[in-house]
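Got the viewer open? Let's take a walk through this one together, stop by stop.

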Amino acid sequence: MLKVYVFSLAVSGGLLVIAALADFLDLDFGDVDADVDVDVDADVETDIQAFKIFSIRGLLYTVFGFGLVGTALSYLWGGQQGTLTALAATASGLASGALVSSIFSWLKRSESGDRSDDASFAGLVGRMSVPIGSGGLGKVRVERGDRVHELLAVPFEMDADGQASWSRVVVVEVKDGRALVVPDEEGLLPPGE
């Protein structure tokens, strides 16, 4: 049974490390949404939280808890208490999956860490980090709250020569992930910034 615990720990731990590194390095693997949440709704609107541990994230933490406790107890007890180790590993795995799912569910309901929508960029003044070229695409750096964001930028209206050589711009709106910008003719951005 030790091999099952170690395998569970290695696979789920490895996936957790990869996810943490991807988040830390701000890597994007595309839009992969593999969350499979199960809600049981009967005539009485019941939402059974225990079923939410069956999301991919919940399953990953369940397997990690199972493998960690099973491996630790197997080495601690020298493999003598197999049934007790299996029960403790299963219980702790289910508990860790339920706890993590509950935390993420609470974060989702309370919108903690939720990014503001694209409409909140409208009206912000920024500096072009990559000038808009003949292809009509560049990058603009804008400050929203205490964070600096770099957005793909396209001109709201092109110059006659098909280029936009602005250094400071105002974001008109964000559409399809691209900021539509106009030159900062009013001088809204202080010259030193």
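One term before we set off: contact, or touching, means heavy atoms within 4.5 Å. You're looking at a predicted model, where local features need pLDDT of at least 70, side-chain atom pairs count only at pLDDT 80 or more, and totals for chains, interfaces and linings use all residues. Residues are numbered from 1 along each chain as its sequence is written, and side-chain values use heavy atoms, with hydrogens and water left out.

**The whole chain**

Start by colouring by secondary structure. You should find 3 helices and 5 strands, in the order α-α-α-β-β-β-β-β along the sequence. Here helices (H or I, at least four residues) and strands (E, at least two) are DSSP runs, numbered from the N terminus. The chain has 193 residues, and 27% of them count as buried; buried means under 20% relative accessible area, exposed means over 50%, and partly exposed is in between (1.4 Å probe, protein chains only). Take the contacts between residues at least 6 apart in sequence: 51% of these join residues at least 24 apart.

**The helix pair**

Next, select residues 2-24, which is helix α1, and 56-76, which is helix α2. How far apart are their axes, and at what angle do the helices pack? The axes are 7 Å apart and the angle is about 135°. Axes are lines fitted to C-alpha atoms, for helices over the stretch in contact, and angles run from 0 to 180 degrees between N-to-C directions. The pair is therefore oblique: under 35 degrees would be roughly parallel, over 145 roughly antiparallel, 65 to 115 roughly perpendicular, and the rest is oblique.

Show side chains to see who makes the contact. On α1, look for residues including Leu2, Tyr5, Leu9 and Leu16; on α2, they include Leu60, Phe64, Gly67 and Tyr75. By class, this contact has 14 nonpolar, 7 polar and no charged residues. (Ala, Val, Leu, Ile, Met, Phe, Trp, Tyr, Cys and Pro count as nonpolar, Asp, Glu, Lys and Arg as charged, and the others, Gly among them, as polar.)

**The largest core**

Now select Phe121, Val140, Val142, Val171, Ala179 and Val181, the residues with the most contacts inside the largest nonpolar core, which has 14 residues. Such a core is a set of buried Ala, Val, Leu, Ile, Met, Phe, Trp, Tyr and Cys residues joined through side-chain atoms within 4.5 Å. Strands β2 (138-144), β3 (147-155), β4 (168-175) and β5 (178-183) each give two or more residues, and β4 gives the most, with 3.

Zoom in on Phe121, in the loop between α3 (82-110) and β1 (125-130). Is it buried or exposed? Phe121 is at 5% relative accessibility, so it counts as buried. Leaving out residues up to four places away in sequence, Phe121 touches Val142, Arg144, His149, Leu151, Val171 and Val174. Hop to Val171, which, with the same sequence neighbours left out, touches Phe121, Leu124, Val142 and Ala179, among others.

**Two last stops in the strands**

Val154 sits in β3 and, at 14% relative accessibility, counts as buried. Beyond four places in sequence, its contacts include Ile132, Leu137, Arg178 and Leu180.

Finish at Ser129 in β1, which at 33% relative accessibility counts as partly exposed. Outside four places in sequence, Ser129 is in contact with Lys139, Val140, Arg141 and Glu150. Draw a line from its C-alpha to that of Leu152: the two residues are 23 apart along the chain, and the atoms are separated by 9.9 Å.
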